[in-house]
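Thanks for coming. I will take a few minutes to walk through one structure, starting with a loop and ending with a helix.

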Amino acid sequence: MARYTLDGFARLVDHTNLHPDATEDDMRRLCDEAKKYHFKMVAINQTQSAFCARELAGTDIDTGAAIAFPLGQTSIAAKTFETRDALAQGANEIDYVVNLTQVRAHNWDYVTEEMRSIVAVCRKAGVPSKVIFENCFLTEEEKLGLCRVAREVEPTFVKTSTGFGTGGATVEDVELMKANVGPNVQVKAAGGIRTADAFLAMVHAGATRIGCSAGIPIIEELRRRMEADGVDALEV
């Protein structure tokens, strides 16, 4: 159990807009909302990195670039270049999608090489790395295989979903990942988290970052509950 203030809950949120038709006004609004609510990060497509980094300059809110998103079907070299380019453009967190073809083939050497390459770039730059599993397409054996690779390579986070697949985060997947990635890797839950109850369930299951586009209504609902109970923090 951990004790969270309202700001503590907000600092778990990666405030997300990954729509392919997002405009500069949409990105500016996303950044303004992140500043207002003191979210941890804005989660955006890689091409928005420079714009959002400028909008968030002087704050402690990170710019999180999505790499090979949402399919993950590019080469290791392409993903590594895209990661370096995002960092050069001002991103200071990276979420990349694994090559699901190689995961489904149980080609763990390839998956390990890919993860090592991207994590190494992030580690050298001193920024967090997150590995997106896209669990809705995977068997339990494949999820565990990815957890074993992550336990060895040690990215900052493993992440449940892109939010663009056939399913999103589940409590069961968060628990499985938390139990199998080792003590040095955190879990990010993302995809379909739209209510305060779902948010709290993911945190209780072990997620230390929540990716969602519903961060504002979630935080406002938690605010109402805490005010109604006359408390300034909740145990989760």
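Where is the place of Pro70? Pro70 sits in the loop that runs between strand S4, residues 62-67, and helix H4, residues 76-88. Before I go on, please keep in mind that this is a predicted model.

Pro70 is worth a stop for its peptide bond. The bond joining Phe69 and Pro70 is cis, with omega at about 0°. The loop between S4 and H4 also holds Ala68. Phi of Ala68 is positive, near 55°, and the residue is not a glycine. Is Ala68 buried or exposed? Its relative accessible area is 9%, and a residue under 20% is called buried, so Ala68 is buried.

There is another positive phi at His38, near 60°, again in a residue other than glycine. His38 belongs to the loop between helix H2, residues 24-37, and strand S3, residues 41-45. With a relative accessible area of 23%, His38 is partly exposed.

Now the chain as a whole. It has 10 helices and 10 strands. Along the principal axes, the C-alpha atoms fill a box of roughly 55 × 35 × 30 Å. A compact globule of 236 residues would have a radius of gyration near 18 Å, and the chain has 17 Å, so the two agree. Of the 236 residues, 53% are buried. As for contacts with a separation of 6 or more, 70% of them are between residues 24 or more positions apart.

On the surface, the chain exposes about 10400 Å², and carbon and sulfur atoms supply 48% of that area. The side chains include 26 positive and 34 negative ones, and the centres of these two sets lie 3 Å apart.

Next, a residue in a strand. His15 is found in strand S2, residues 13-17. Its relative accessibility is 2%, so His15 counts as buried. Which residues is His15 in contact with, leaving aside its neighbours within four places in sequence? They are Leu30, Glu33, Ala34, Phe39, Met41, Val42, Ala43, Cys212, Ser213 and Ile216.

That brings me to helix H7, residues 140-153. How far apart are the end C-alpha atoms of this helix? At 1.5 Å a residue, its 14 residues should span 20 Å, and the end C-alpha atoms are 20 Å apart, which agrees.

The buried residues in H7 are Glu142, Lys143, Gly145, Leu146, Cys147, Val149, Ala150 and Val153. In general, an α-helix has 3.6 residues a turn, so residues three or four places apart point the same way. Among the elements that cover the buried residues of H7 are helix H5 (100-104), helix H6 (108-125), strand S7 (157-159) and helix H8 (171-180). After H7 comes Glu154, with a positive phi near 65°.

On the other side of H7 in sequence, Phe137 lies in the loop between strand S6, residues 129-132, and H7. Phe137 has 38% relative accessibility, so it counts as partly exposed. Setting aside neighbours within four places in sequence, Phe137 is in contact with Leu100, Arg104, Glu142, Gly165 and Thr166. Of these contacts, Glu142 is also one of the buried residues of H7. Finally, Phe137 and Ser161 are 24 residues apart along the chain, and their C-alpha atoms are separated by 9.7 Å.

That is the tour; I am happy to go back to any part of it.

Note on methods. Residues are numbered from 1 along each chain as its sequence is written. This is a predicted model: local features need pLDDT of at least 70, side-chain atom pairs count only at pLDDT 80 or more; totals for chains, interfaces and linings use all residues. Side-chain values use heavy atoms; hydrogens and water are left out. Helices (H or I, at least four residues) and strands (E, at least two) are DSSP runs, numbered from the N terminus. The expected span of a helix is 1.5 Å times one less than its number of residues. Buried means under 20% relative accessible area, exposed over 50%, partly exposed in between (1.4 Å probe, protein chains only). Contact means heavy atoms within 4.5 Å. The radius of gyration is taken over C-alpha atoms; the globule rule is 2.2 Å times the number of residues to the power 0.38. Accessible areas come from the Shrake-Rupley method with a 1.4 Å probe; for residues, only the protein chains shown count as cover. Lys and Arg count as positive and Asp and Glu as negative; His and the chain ends are not counted. The place of a charge is taken as NZ of Lys, CZ of Arg, CG of Asp or CD of Glu.
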